Structures are given as structure tokens and as C-alpha cells.
Amino acid sequence: MERNLTCILCPRGCTLNVTVDGDNVFVTGNSCPRGRYYGEEEVVAPKRTVTSIVRVSNRDDVMVSVKTETPVAKADIFTVMEEIRKASVTAPVRVGDVILTDVCGSNIIATKNID
Amino acid sequence: MAAAVAAFDSGITDVVIIDREKEVGGILRQCIHNGFGLHKLGRELTGPEYANHYKLEVEKRGITVYADTTVLSVTPDKVVTATNTSGILKLQAKAVILAMGCRERSRGALNIPGTRPSGVFSAGCAQKLINCEGYSVGKRVVILGSGDIGLIMARRMSLEGAKVEAVCEIMPYSGGLTRNIVQCLEDYGIPLYLSTTVAEIHGNERLTGVTIAEVDDRRQVKPETKRYIPCDTLLLSVGLIPENELTRGAGIGMDPITGGAVVDENRMTDVSGIFACGNVLQVHDLVDYVSDEAEIAGKGAASYVKGLDKAENRVKAVAGNGVRYVLPQRVNTRGGDTDIFLRVTAPFGKVKFTVKSGDNVIATAIKLRATPGEMEKITLKADKLRTANGDIRVDLEEM
Amino acid sequence: MSNVKYTVAVIGGGVIGGMISRELTRYGVKIVILEKGNDVALGASKANSGIVHGGYDPEPNTLKAKLNTLGVEKLFKAASELNVPIKRNGSLVCAFSEEEKAHLDLLYKRGFENGITALEIIDGDKARELEENLSESVVAALWVKNAGIVCPYELTVASIGNAMDNGAELITDFEVVGINKDGVFEIVSADGRKVFADYVVNCAGAYSGKIASLVGDDSIEIIPRAGEYLLLDKAEGGRVKHTIFQVPTKDGKGILVSPTVDGNLLTGPTASVVASPDNKETTADGMNKVNTLALKSVPTVNFRNVITSFTGVRASNKGGDFVIGESAACKNFINVAAIDSPGLTCCVSIAEYVMDVLKGVGLKLELSADFNGTRNDPHFFRKMNDDEKNDFIKSNPTYGRIVCRCEGISEGEMRYAVKTNPPASDLDGVKRRTRAGMGRCQGGFCSPTVMKLIAEERGIGKEQVTKNGGGSYIVTEKL
């Protein structure tokens with residue numbers, strides 16, 4: 001199997017050619033080692049970082065932005081969103097605070113300070 | 001903030017930042033997606049995290065921040081008048097760095113025919129309502145413009161449960177980064193229609209639908225391709241305009257192509273001691289480059305205050321074949337290595353850039369591809385730059 | 001409300017209804033203004049050219065001619081009492097051929113007959129001396145020295161606000177669907193509310209025919225004519241000083257190019273008969289036409305600086321003259337209908353004329369000692385110098401916080417608009433009163449904050465805040 005992908009790890013957006021031959025995956029077109037990992041992962045088990053918001057219950061109309069601490073399986077994106085949507089936090093919140101633990105294999109952490 | 005930090009670190013510690021928002025960080029605070037900081041900070045951050053990085057740097061240095069304060073005017077002799085809930089503030093500065101960013105083009109500027117219902121948002125306005133205030137803006141969405149904000153919002157709306165019916169782009173190519181087309185549209189099965197625009201807006205109260213249509217190579221609607229799409233929300237991501245009202249008010253010379261000031265390699269405008277950087281100077285695609293530019297301006301302002309910059313030996317830098325603009329527009333031939341930033345006029349495959357002064361080649365650069373959506377950078381080496389004997393010009397050649 | 005009986009019910013919260021209401025409160029009459037929309041100035045009063053016409057255009061001996069001649073100075077006086085910006089910038093009616101030049105003579109003569117003396121026919125070079133950006137192909141122009149510009153919706157808001165300050169009541173979202181008369185009028189709204197009054201003044205603009213028919217008067221046939229406009233950024237505002245008209249041709253009345261009192265440049269209108277006054281769409285053809293014809297007068301207008309386009313619907317009729325007087329079909333029911341151009345110019349003279357009509361049908365009018373015709377200047381803040389602003393902010397901190405960056409409008413000014421008669425209830429209402437969102441970004445930056453202020457002042461959720469009433473919600477729900 002052979003696929004052409006655009007690497008999404010950085011804005012450069014390298015065009016990758018990924019060939020899968022049994023258990024072996026070959027990536028060309030990458031400009032950095034991260035691109036190779038991305039190419040390998042994207043054809044075997046694609047992952048994404050999910051970013052969203054969580055309501056701050058003790059502040060009027062204030063949301064804290066959050067992200068998955070590590071990328072999650074692409075297939076799990078909407079499951080992650082559902083969990084995030086149910087969550088709420090109380091201020092103060094600091095960047096890096098864990099809002100939810102182990103959602104589809106990743107913690108959900110705050111990306112904004114709310115005083 | 002990056003400019004203030006750079007000025008501070010260059011030995012000018014009497015620096016103040018004035019910002020109209022209650023929290024510093026500008027538009028980054030609503031850009032909750034990731035992808036910021038890989039070049040500059042070596043890690044992948046979300047917008048708020050990237051802003052927070054600089055906020056911490058500002059705090060570390062004890063730089064004064066006037067938040068919730070709007071600058072009303074800047075004069076050529078560098079008197080800054082601002083207002084906040086305590087009153088009117090007047091500051092006399094030795095140098096001023098303009099970093100007001102940009103704004104989105106509105107529906108009016110596009111002249112889309114039809115009615116004027118609610119539900120037509122600039123993408124950034126919808127982004128603020130959703131990401132900062134936590135409100136849904138609609139359920140069925142059409143997006144006009146495939147710039148990065150449009151693409152990011154297509155994904156964001158999908159994640160929040162809305163159905164994004166289409167992203168329409170009037171040009172035959174997307175203005176956004178390829179990675180965003182992959183991870184924002186393809187991941188969510190959202191169609192991107194190129195050479196297509198919104199021809200009419202329908203609905204008397206809330207938006208009820210739009211008519212989309214293909215355009216010919218003169219960007220005129222082809223009537224036979226008109227197609228109605230029911231929707232309650234239209235997001236416009238149709239270009240960014242540097243917000244230069246204060247710049248014009250100070251009588252600073254502007255570049256009609258960038259929409260920003262004409263600057264030298266230190267990002268000083270033609271009004272001595274007033275600098276500009278970031279999206280107010282030229283609309284960037286990467287915040288990392290905004291920070292780089294801010295550092296150049298911060299250092300430049302510090303040199304100016306110290307009296308080190310005599311503004312001598314400047315030549316003009318101009319855009320040649322295939323190049324839409326170059327920045328800075330004036331370059332010191334006796335300075336250090338100098339980066340020239342530029343955008344090309346159309347998408348190209350492999351290209352060679354040649355920087356010349358007369359017939360004297362100062363630099364060349366080869367790129368595998370070049371698109372108007374991605375800013376290019378060419379470094380001019382100090383020793384080569386010294387050989388310039390007049391204005392320098394950048395040309396593109398297809399390979 | 002249902003138990004209150006008013007002396008006069010004014011149907012329609014446009015500039016005509018506003019000025020009539022203001023006149024009625026001058027005599028201390030107990031009145032109610034019934035408005036179909038959720039705010040005033042939503043019809044033709046919102047979207048027209050904003051011109052104070054000199055008076056050369058109406059056919060002599062018509063009501064239009066008489067009221068225009070009387071109206072110009074009366075409008076200048078009222079606008080100054082109401083603190084509404086008005087400017088006598090003069091206008092130039094441009095001729096592009098000898099044939100058109102002959103038409104200028106006709107207009108001049110007509111103006112003379114109407115009693116207008118501030119007219120002069122000048123040649124192309126003189127016209128270009130007055131207006132350096134005028135086209136080389138202008139061969140002559142009629143210089144109308146008494147003409148001016150005014151902001152039509154601001155005038156409406158101010159007149160109704162002033163009437164309310166003097167005791168008038170405004171009921172919005174009151175779409176009149178039935179009028180019964182049993183001694184007094186019983187006026188019924190679409191949602192079943194009732195208002196009682198001795199007299200009814202029908203100034204429902206494009207709907208005035210429909211309202212008249214509710215009392216069995218089918219004599220008024222309104223022909224709604226849509227006009228499309230393009231409004232340009234303040235960067236273009238200095239392109240002309242005078243209002244530039246074109247000599248009417250067989251293809252229409254021509255396109256004007258005019259500065260506005262706020263410093264923008266206005267171009268338009270087209271003129272096309274539409275099926276319904278609700279047809280407020282802009283069209284690609286219409287916008288092209290405005291663009292092309294405006295350039296004929298002023299070739300240097302940069303249409304890349306358009307900030308918005310809009311359509312206004314004028315309430316014209318076949319006869320071509322205003323219809324003002326007691327309905328032949330219903331006593332004490334006064335029609336003020338078919339008020340198209342120069343209706344804005346005539347709004348005060350029409351209001352005074354209507355007072356005579358009401359007197360004629362038996363309404364007793366005696367000047368009220370309590371009437372105060374002066375309205376506080378809602379734009380007092382922006383007129384202050386920095387020292388005065390600084391002092392004012394010390395005791396009114398919200399005036400120091402700029403919300404609309406393009407127009408420089410503070411939170412305090414916006415809150416004032418939501419609290420002052422007639423109170424703004426939605427984004428467009430705040431926009432018309434303060435200009436917030438009317439600038440280059442068209443509300444892209446400030447609308448979330450304006451929504452928040454409206455929600456706070458009115459004690460409602462952001463989901464209830466609309467763009468312009470009805471179903472024009474902005475956000476749907478909390479995430």
C-alpha cells in the first residue's frame with residue numbers, strides 16, 4: 001500500500017510518501033525525523049491533539065481553553081469532546097492544570113490562566 | 001510583548017505595554033488550537049499557551065502593562081494618548097513600537113448581494129463567542145474563505161456539533177496552510193470548493209441560506225452554477241487587514257501592498273523613533289515569525305533610544321517578477337546579516353529567488369514550492385550586502 | 001396599557017411619526033406611538049440619502065413644493081434643538097451634455113417658482129473649482145446653496161426620544177392588524193394587544209396603504225421602490241464636499257455622491273419597483289450600477305473602500321405628491337402617506353401641517369408650558385477635549401473604556417444608548433445611536449462586548465440579544 005500525505009506536525013506541511021509493506025513502513029519526503037514518525041503513525045494509527053473549552057463555573061461566561069496532553073486516536077476525537085463538554089472547573093485555573101484524567105489515554109489540561 | 005521583552009533585554013528597561021484588552025495576548029487568547037511555537041520555542045503550544053509564555057517573560061522583567069487601555073493617538077514626536085477607566089493618559093516616549101495587529105475584512109467590503117440577517121459572522125468574531133464566551137453561534141454552517149482562520153473554525157464548529165456544509169474559496173487555490181486543510185477539513189469530511197463564492201445571502205431575521213456559485217477567471221459569478229445551501233450561519237474568512245489607524249494618524253508612510261508602514265531592517269518607519277512589527281506591519285501566517293519581527297523591532301527601538309542607529313546607508317528593497325512585496329522596504333547596506341521577507345504573486349512549484357543590486361547578485365535562494373499563503377525568507381549576508389551599489393530587487397524565476 | 005386611552009395614536013415610528021409626535025407633545029397631547037418593529041427608524045427613515053433638498057425639484061403648486069420650501073429651515077432649526085448633526089454643504093446637480101444643461105434651466109426655473117433663491121447655474125470649470133474631484137465631463141451644474149445633509153435615523157431617534165421625554169409613549173413590536181371604531185378607535189396588534197385613541201395618524205410609510213385599508217380607506221396605493229446604496233469608509237469621506245447629483249435622465253434620477261454628517265461617503269440610490277416593502281435585498285446589478293454611475297460624476301471614488309451596502313424602500317405612489325389629510329372614508333383618521341423624497345426634508349413642515357389638519361377636525365391644541373424641545377446631546381462625550389474627558393471619566397469610568405475601536409465608542413456611550421429614550425434594544429439599535437459597529441470592521445471586534453452590555457442593561461441572557469429584533473438571534477445557546 002502506498003499513500004501520499006501532508007505532514008501536519010508543523011506549518012511547513014511536507015508532502016510525505018508512505019509505503020506499507022507488511023510490517024514495514026517506509027516514509028520519504030519528510031524534512032525532519034518527526035515527519036517520519038508522523039508518516040508511520042498516520043497510516044497505522046492516526047492521532048490528533050484535541051483542543052476545546054471548559055466552562056468556569058464560578059465566573060460569568062468565562063471559558064478555560066483545554067487540550068489533550070498527548071495526541072489521542074483520531075477515531076476517539078468525538079468521545080473526547082463529549083467528556084470535555086461534560087466537565088466544568090472552578091477558578092483559579094493555571095496553565096497545565098489537569099482538568100480530566102485519562103480520557104481515551106490522555107489527560108485534559110488547561111491552556112489558559114483564569115484568575 | 002515580544003518587542004517589549006527584546007527592548008528590555010537590550011538595556012532599555014523603562015518600557016510600558018499598552019493594550020486595549022483586559023488580558024494581554026491579543027487574538028492568541030481565542031486561538032485555542034495548537035500549532036504555535038514550534039519554530040520559536042521548540043514546542044507545540046496552543047494560542048493561549050504561546051501568549052502566556054510571553055506574559056511570563058514580561059512579568060519576570062517587571063515591565064509595566066496598562067491593560068484595558070486604548071491608545072487614541074500617537075504623534076510624530078511620540079506623545080501617546082490613551083484612555084482607560086481612570087481617565088486620559090498622556091505618555092512621552094523616546095521610541096514607540098506599534099503592534100496593533102490586524103482585523104478581518106467584513107461582508108461590506110465584499111459586497112455580497114442579498115439581505116442583511118443575523119448569523120453572518122467574521123470567523124474571528126465567531127471564534128471569540130465560542131472559545132472565550134462559550135456560546136454556540138449556529139448549527140448549519142457555510143464558510144467563505146479558506147484562510148487559516150476559516151479552516152480552523154470549520155473544525156471548531158464541527159467539534160461543537162455543527163454541520164459545516166461547505167468551505168468556499170473564490171481563488172483557484174486555498175490561502176491556508178496545507179496542514180490545516182488536512183486536519184481541519186479532510187479529517188471531518190468537509191468539502192472545499194475552489195473558484196467558488198457566496199453569491200447571495202438569504203433570510204430576513206436569521207440567515208436561512210446562501211447561494212453559492214462558481215466564478216470565472218475574472219472572479220465573476222457563473223450564473224448557471226448557482227446552488228442554494230440552507231444554513232443558519234455564514235462565517236467569513238476573507239482576508240486580514242493591518243489595523244493602521246494610529247499609524248496613519250502619526251503621518252507614517254504606508255506600503256499600499258502590505259497595508260502596513262514602510263520600514264527599514266530595524267522595523268523603524270519613516271517617522272524617526274516609531275517602529276512597527278507583527279500583523280500591523282504585514283499579515284503573517286505564523287505567530288513565530290511575528291515574535292521574530294517583534295524582537296527585531298524591540299532591539300531596533302533600544303538602539304534608537306541609545307542613539308546607536310543613525311539611519312544611514314539605507315537603500316530601497318523592491319519586489320520584482322513574481323514577488324508581491326518585500327519587507328523591509330529599506331535596508332542598511334552596512335549592517336549585519338539581514339533577512340528579507342516576501343510573498344509571491346501566485347502559487348509556484350520549484351522557484352529560484354535572486355536578490356540583486358543592479359547586476360550585482362547579493363543572494364539567491366531555491367524553494368521547492370512557493371505559495372502566496374506562505375511567507376518566504378531570504379537571508380542577505382552582511383558581506384554581500386556591502387557590495388550593493390543602489391536599490392536592491394528580488395525576482396522570482398520558475399525552475 | 002389596554003385600559004389607557006390616548007388622544008392620538010401615531011402609527012409608525014419613522015421620522016414623520018417622530019416629528020408629528022414631537023409636535024403633539026408641544027401641545028401636551030396624550031399620545032402613543034405604535035411601531036411594528038422592535039425599534040424606531042426601521043423603514044425608509046433608516047435607509048435613505050440623508051439629504052436636505054433645496055426645493056428646486058418638486059413640481060410647483062404641489063404639497064411637496066410647498067412643504068419643501070417651508071421645510072428646509074424648519075428642519076435645520078429642529079435638528080439643532082435635538083442636537084442632531086446637520087450640515088449645509090450645498091449640492092450640485094451636474095449636467096453631462098448640452099441637452100442635460102437645458103434641464104438645469106428647467107430646475108432653476110422650477111426652484112424660482114417654488115420660492116427658492118439660493119440657486120445658481122455654473123459652468124463645468126466653476127463646478128470643478130467648488131469640487132476638485134468632479135468629472136471633466138461635467139459641462140454645467142445647478143448649485144443649490146441651501147441644501148444640506150443630515151443623518152436620517154439619528155433625526156428619527158432624536159425626535160421620538162424628545163417626544164418621549166415630553167410624555168409620549170412608545171410601544172414597539174406592535175404591528176397594527178385591526179382598527180375598530182366605536183366612538184373611539186380600538187387599535188389591535190398582531191399579538192392581540194389593544195390601544196384606544198380619539199384620533200389616529202397613519203404614518204406607516206410603505207405600509208400606510210395597508211393601514212388605511214383597515215378603516216375602509218382604499219385610496220392609498222403605495223408603490224414600494226427599492227434603492228440600493230454603497231457606503232464608503234471615512235478614508236473616502238473627503239472625496240466631495242457638496243452632494244453631487246446628476247440631471248435626471250429617462251433611465252432614472254441618477255446616482256448621488258455625498259459626504260455624510262459622520263464623515264463617510266454615500267453613493268446611490270438605484271430605483272426599482274419591488275413587490276413588497278420587505279424586499280430589502282441588495283443585488284449584484286444594483287451595486288454595479290451605483291458603482292458605475294457614481295464614477296461618472298466623481299471618477300476618483302475608490303470603491304475598494306466600501307464598508308457596507310444596503311437597500312431602502314421608499315413609499316411612492318402614482319400621483320407623485322404627498323397624501324396628507326383626514327381620510328374621506330373615516331373621520332378623525334389622518335393619513336400622512338406616500339412620503340417619498342423630499343420627505344426627510346419636509347418632516348418638520350409636514351408635522352406642522354398635520355397639526356393644522358388635526359385642528360381642522362376638532363383637536364384642541366394649546367401650547368404646553370412643560371414642553372422642552374431640546375434634547376440632551378447623546379454625543380456630548382465625543383465632543384469634549386481631552387481634559388474634559390479626563391474629568392468626566394473620573395466620575396463615569398465606563399466612558400474611558402473604548403469598546404468600538406473603529407469609531408472610538410466607549411462602553412459608557414453604549415450603555416447610555418440602551419438607557420435613553422427611545423432605548424436601544426439590540427445590536428443595530430446601539431449601532432444607529434452610537435455608530436458602534438458602523439466602522440471598518442463592521443462589528444467584528446466589538447459585537448460580543450456590545451451584546452454583553454445590552455444583556456446586562458436589559459437584564460436578559462445573551463441568547464436573547466438580537467441583531468434587529470424578531471428571530472435575528474446571534475448566539476443560540478451556552479456550550
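Colleague: Which residues of α3(C) are exposed on the other side of the helix?

Modeller: Keep in mind that this is a predicted model. Here a residue counts as exposed if 12 or fewer other C-beta atoms lie within 10 Å of its own. On that side of α3(C), the exposed ones are C:Glu98, C:Glu99, C:Ala102 and C:Leu106.

Colleague: And why do the buried residues of α3(C) line one face of the helix?

Modeller: The buried residues are C:Leu104, C:Leu107 and C:Gly111. Look down the axis of α3(C) and they line one face, because they fall within an arc of 65°.

Colleague: What do those buried residues of α3(C) pack against?

Modeller: We're talking about C:Leu104, C:Leu107 and C:Gly111 again. Their partners are strands of chain C, namely β5 (91–95), β6 (119–123) and β7 (140–144).

Colleague: How far does α3 of chain C reach from its first C-alpha to its last?

Modeller: The helix covers residues 98–113, so 16 residues at 1.5 Å a residue give an expected 22 Å. The model comes close to that, with a reach of 23 Å.

Colleague: Which residue with a positive phi follows α3(C)?

Modeller: Its phi is near 90°. The residue is C:Gly115.

Colleague: Over to chains A and B: which strand gives the most to the side of chain A that touches chain B?

Modeller: On chain A, 21 residues are in contact with 22 residues of chain B. Both β5 (51–56) and β6 (63–68) of chain A supply at least two residues of that side. With 4 residues, the one giving the most is β5(A).

Conventions. Residues numbered from 1 in each chain as written. Chains lettered and ligands numbered in written order. Predicted model: local features only at pLDDT ≥ 70, side-chain atom pairs only at ≥ 80, totals over all residues. Buried ≥ 20, exposed ≤ 12 C-beta atoms within 10 Å, placed from the backbone. Arc of directions from axis to C-beta. Contact = placed C-beta atoms within 7 Å.
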